[in-house]
Number of protein chains: 2
Amino acid sequence: MEPKENGSELGQIIDGPTNPMVTPLLNDLYQFTMAYAYWKAGKHNERSVFDLYFRKNPFGGEYTVFAGLEECIKFLANFKLSDEEIDFVRDCLPGSEEAFCDYLRGLDCSDVEVYAIPEGSVVFPKVPLMRVEGPVGVVQLLETPFLNLVNFASLVATNAARHRFVAGKSKSLLEFGARRAQGPDGAISASKYCYLGGFDATSNVAAGKLFGIPLRGTHSHAYVSSFMSTDEIVDKVLRSADGKTTCEDFVSHVQTWLKKIQYSPSLSGIFSETNQSELAAFTSYALAFPKTFLALVDTYDVMKSGIPNFCAVALALNDFGYKALGIRLDSGDLAYLSREARNFFCTVERELKVPGFGKMVVTASNDLNEETIDALNKQGHEVDAFGIGTYLVTCYSQAALGCVFKLVEINNQPRIKLSEDVTKVSIPCKKRSYRLYGKEGYPLVDIMTGENEPPPKVGERLLCRHPFNESKRAYVVPQRVEELLKCYWRGSADEAREELPPLKEIRERCIKQLENMRPDHMRRLNPTPYKVSVSAKLYDFIHFLWLNEAPVGELQ
Amino acid sequence: MEPKENGSELGQIIDGPTNPMVTPLLNDLYQFTMAYAYWKAGKHNERSVFDLYFRKNPFGGEYTVFAGLEECIKFLANFKLSDEEIDFVRDCLPGSEEAFCDYLRGLDCSDVEVYAIPEGSVVFPKVPLMRVEGPVGVVQLLETPFLNLVNFASLVATNAARHRFVAGKSKSLLEFGARRAQGPDGAISASKYCYLGGFDATSNVAAGKLFGIPLRGTHSHAYVSSFMSTDEIVDKVLRSADGKTTCEDFVSHVQTWLKKIQYSPSLSGIFSETNQSELAAFTSYALAFPKTFLALVDTYDVMKSGIPNFCAVALALNDFGYKALGIRLDSGDLAYLSREARNFFCTVERELKVPGFGKMVVTASNDLNEETIDALNKQGHEVDAFGIGTYLVTCYSQAALGCVFKLVEINNQPRIKLSEDVTKVSIPCKKRSYRLYGKEGYPLVDIMTGENEPPPKVGERLLCRHPFNESKRAYVVPQRVEELLKCYWRGSADEAREELPPLKEIRERCIKQLENMRPDHMRRLNPTPYKVSVSAKLYDFIHFLWLNEAPVGELQ
C-alpha cells in the first residue's frame, strides 16, 4: 500500500492512487489493441482531445457532484508500465511487433494535459468534467481508468448529497456500508465520496485512517446476545469522570436505577421486567466506554427492555460524572420508536431531575434511503443521526453513472460521434465552458464555446443555444462568469497547475455549491432541469459537421 | 501488490487477499469497540460460533452462487494488525487501556475454525455459507471483512449465472464492465466472479493477468473517428498468413473488393458510398491485426457503411490467408441488425464464393442485460457473443446481497436473534447441513441439524421441517446425502483442510451445479423455491428458545 512516487522530473511528487490495484492494466483490452493499431499506423503521436462527460443526471435528479479527479491525477502522474506488465500486454496482442514494447516502455503522461472542473463541483450533463489532450496512443489508455475512477465516485457523492438534502442540515449522517459495498474498494471509495458529498462520518476504519474521515460505531446485536446475565461481569469498578471517586459495584448501582425508573409514577406500566442479558451487555459496555456510551436498544424489545435498560445505565453513569451519548434503533417503526424514546428520556429528565437527559441522541439505522428518510420526515420523528448503508454505498436506486470519454478533435480536426439517438451525439471541438450567474447569485446556465471564442462578459447580453434543439435558446446577461475547466496537469509545466486540495476542502466546496443552487433544481419531485448550452457559433459548427457526416437515408 | 506471506507456523503458506487494501482495518469501527468491550469484560476468549448466510435470493430468483470464500481464507491466514494500525485503533477508542494494544498485537486466527460450502456452489437462503468458530474477540473482527468479501462476490457471480441461463450455453459471454463498475476493485472483482459464474472472457486486462481469465477486445468508435481517409495509411504492406507472398498495397486491394461488393447483383442497392474514415480505420486495424480482425461497424451506419466496409477488408484479408473474426454492434436494433448482417455475410459467401464467410461472428454490446437478451431471443437474432457491462458488473437490478453474520452459540450456549419480522429470526446452535438428492439426481432439499445429531442416511425416511412455519414439513427418502460444510481453516491443524481450488475448477463446479438443478428452480419467471429445512429436533429446540426469549406482549 506504499504510494508509488512519481519518478518524472516534474518537480512536484504526487502519490499514486489510493488503491494499488489502479495500474495501467486496469484497462479494457481494446485500449491496448487500439494503442498498437495507432502505433502500427504511425498515428500514436497525433494530438487528440477527449471529453469526459455524462449524458443524464442520476437518481431522477437534475444535478450531479463531480468526484474522482484527484485519483485520476494521481494515476496520471504515476502512469508507467512495468516490464512484467508490458510482457503481459505483448502476450495479449498476438502477432504484435517487438518494437511496440519499446514504445510502451517509454510511455508516460509528460505530454498530456488535463483540464477539469474542480472536484466537488455541482455539474450537469454534456458539459465536459474533464478535457484530456495529448498523443492519441497514450490518451486512449486513460479512458477506462478515468471512467472507472470518476463514474462511481461521482455517483456515490451525488447519492450522499441527495441523502443530505432530504435529511436536512441539522442531522448527523453516518455511512455504515462497508459490509454491503461492491467489494473492498467499493467500500473505501464509498466512505470517501459520501464524506465528500456531505456525510459527517463513516464506520469504515480503513477509510478513516486513509482520509481522516471521522469514525463512528458502537456495538451490534451479537454483543448483546453474547451476555447471559450481569453475573458475568467480573470487574465492576468504575472510576468517576473527575477521577475523585470510585464506584466499587457499578452493576448494583445500575440495578438500583432500574428499580427507581420502574417505580417512577410516570414510567411504570411501560415495562415490567427487562432482559437481563441486555442489561449485562449495556452495563459492561458502559464500563468499557463510560465517556461515549451509546447503546443499541432493539435486540429484545425497544420500549419494554432496551430503553429502560439504557436509562438505568445512563443514570448510573451520570452519578459519576459521565454523560451517555444516546441510543441506536436498528429495526421496527423508527418514527414511532424515536418519538416514544424521546418521550421516555424527557420524562426521565423531568421526573428524576436529570437536566439534559431528554436531549439524548437517537440514531436510526436499518435499510434507510432517501425515500424512507422522507417518509420519516412526513410522519414526524425524533431521530438525530441516520446510519445509512446498503442503499447509499451501492447506489441501489441507480447503480451506475454513464460517464463517457469521447474524441472531439484530432490533429486539429474536430470530430463528432453521431448516433440515431440524439442524446448520444457528441459535441465536437476543443471547447471552453463557463457557468453564468444571475442577479440572485444562482447559477443560470452553463455554456460551451469553441476554444478561441471570446469568453462571455459580465453585463453583456449573450445568446445561449441548446446544442441540438434549434428552437431552444435564450439571451442571458451574466452577473458573474466562471470558467469551469482549470488545468490540473500540463505535462512538464506543472508549476501552473491547480492544486489538489485536501478532502475536507473538496467537501466544503461541494456543500457550498449545493447550497448555492436554485432550490427548484434540487427538489426531489419534478426538479427543473438546469440549462446547458452552446454558443451560437459552436451551434452552427456542430450542425455543419453533423450534416456533413450523416448519411442521407433512403425510404424504400 | 506483492501478496503478503502468512508468517505463522502453519506450514502451508497462503497468499494475502488479491486487493492489498483488505486488511483488518477494512472493518466497521464497532467491531473494534466490541473487541475492546469483550476484552475489558474478560470475555474475549469465550468460544463463539457465528453463521454467515443470506435471507433472500437476489434478482427475484430462487438460487444464489456462493463466491468469495478463497479471499476470506486468504484474509484469515494473513490476519495481523501492524503497529501502525494498532496505534490508529487505540486513537479511535478514547479511554482504552494500553494493555488492549498488547492483546491486538498478539491477535491472529490460529484459534479460529472456518467451515464453508465449497466456493462456486449453488446455495439457498438461511443455510450457513460459512460457520466461523473461535474466540469472540477475534471472530467479531472477521464479520465486516467476510461480509464485504462474500456479499458482492456472490451477487455478481449469481448475476453472471443468470445471464448465462438466458443467453444459453452456445453463446460467448464477455464481461465488458470495467468503466462502469463500482471502483477499481469493483471492476476486478466483477471480472473474477463473472468468470466464476459462467462467463467466457473479460475485457479487463488486470483481471486477465491476476486470474488467468481469457481477454477480449477490439476497438472503439474513437479509433474509427480518429481516421479521416485511407490516405493516412502510410505502411500499406501485408505479408500473407503463410509468409509466402506480400501485398504491397493492401489499401487498394480493399478498395477493389469494396467495388466488387458494390457491383454484386444481390448486394447492390444496399449501399452507395461507404464512409471513408471508417474504411481507413478498418483497413489500418486489419494491417495491425490480420489474424484477429474484428470490427465495430456502427460508427456511421451499420448496413450502409459498416458492414460493406468490413466485408471489403475481410475479403481482402481472405486473399492472403487470413480469416476475419467478425463484427461488433454497439447500438440500434440488435436483433434486426444482426439478422441483416448475417444475411449480408451469407450473400457474400454465396455470391462471391467465399466458403465460411456466412459464419462470421456477430458480437453485440450496448446496455445488455437479462431482459434485453431475453427480448432478443424472442425477436430472433443472429448474435454469437454478448458483451455485457454496466448491468452485469454493478448488479443494476439489485445492487446488494444481504448476507449477515449472526452469533448462534457462545460458551456452548445456543443464541437466537429474535425479530418482529420472522424472516429475520436467526437459527440458533452450532449446526450441520446436508443436501439431500432425489431419484432423478436433482437436489431436493437442504436440511440443517444440531451438531451432534446423526446425519441423514441414504434410503432412510426423514422428516424435514420448515424452520419457522409449523405446517410446512415433508418426509424425504434421500438417494444421496451431501454434507455441505467442509473445513477450510482449522487454526494450526491445517493438514486436514480442504484445498482452495484454482478459479477454473471453481467455475466448473459452478457450471455443473447450475446444470444439475431442477429446471423449475432456475426459470426466470415464477421459479419454484428450493426447500430449506431443519430436523424435527432442531425445530423443537428453536421454538423452545424462541418462547423463552420473546417478551409476552400486553394488549392495551
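**Notebook: B:Ser365, helix α7(B) and the A/B interface**

I looked up B:Ser365 and noted 3% relative accessibility, so I count this residue as buried, the cut-off being under 20%. The model is a predicted one, and I read all entries below with that in mind.

*Entry 1, surroundings of B:Ser365.* I placed B:Ser365 in the chain B loop that runs between β12 (361-364) and α14 (370-379). Which residues does B:Ser365 touch, not counting residues up to four places away in sequence? I listed B:Phe176, B:Arg328, B:Leu329, B:Asp330, B:Leu334 and B:Gly387. I then checked the side chain of B:Ser365 for polar contacts. One goes to the side chain of B:Arg328, at 2.8 Å. Another goes to the side chain of B:Asp330, at 2.9 Å.

*Entry 2, helix α7(B).* I checked the length of helix α7 of chain B, residues 183-196. With 14 residues at 1.5 Å a residue, the helix should span 20 Å, and I found its end C-alpha atoms 20 Å apart, which agrees. The expected span takes 1.5 Å times one less than the number of residues. Is α7(B) mostly covered or mostly exposed? I noted it as mostly covered, with 14 of its 14 residues buried. Just after this helix I came to B:Gly198, which has a positive phi of about 120 degrees.

*Entry 3, extent of the A/B interface.* I recorded 115 residues of chain A in contact with 114 residues of chain B. The area buried between the two chains is about 9,300 Å², and carbon and sulfur atoms give 60% of that. Which three residues supply more than any other three of the area that chain A buries against chain B? I wrote down A:Met21, A:Arg179 and A:Gln182, which together supply 10%.

*Entry 4, polar pairs and make-up of the A/B interface.* I found 8 salt bridges across the interface of chain A and chain B. One that I looked up joins the side chains of B:Arg179 and A:Glu143, at 3.1 Å from N to O. For polar contacts across the interface I noted 40 residue pairs, both residues at pLDDT 80 or more. On the side of chain A that touches chain B, helix α1 (residues 29-40) of chain A gives the most, with 10 residues. I sorted the residues of that side of chain A into 53 nonpolar, 38 polar and 24 charged.

Terms used:
Residues are numbered from 1 along each chain as its sequence is written. Chains are lettered from A and ligands numbered from 1 in the order in which they are written. This is a predicted model: local features need pLDDT of at least 70, side-chain atom pairs count only at pLDDT 80 or more; totals for chains, interfaces and linings use all residues. Side-chain values use heavy atoms; hydrogens and water are left out. Helices (H or I, at least four residues) and strands (E, at least two) are DSSP runs, numbered from the N terminus. Buried means under 20% relative accessible area, exposed over 50%, partly exposed in between (1.4 Å probe, protein chains only). A polar contact is a pair of N or O atoms within 3.5 Å; within protein, one must be able to donate a hydrogen and the other to accept it, and residues adjacent in sequence count only if both atoms are side-chain atoms. Contact means heavy atoms within 4.5 Å. Buried area is the accessible area (1.4 Å probe) that two parts lose on being put together, summed over both. Ala, Val, Leu, Ile, Met, Phe, Trp, Tyr, Cys and Pro count as nonpolar, Asp, Glu, Lys and Arg as charged, and the others, Gly among them, as polar.
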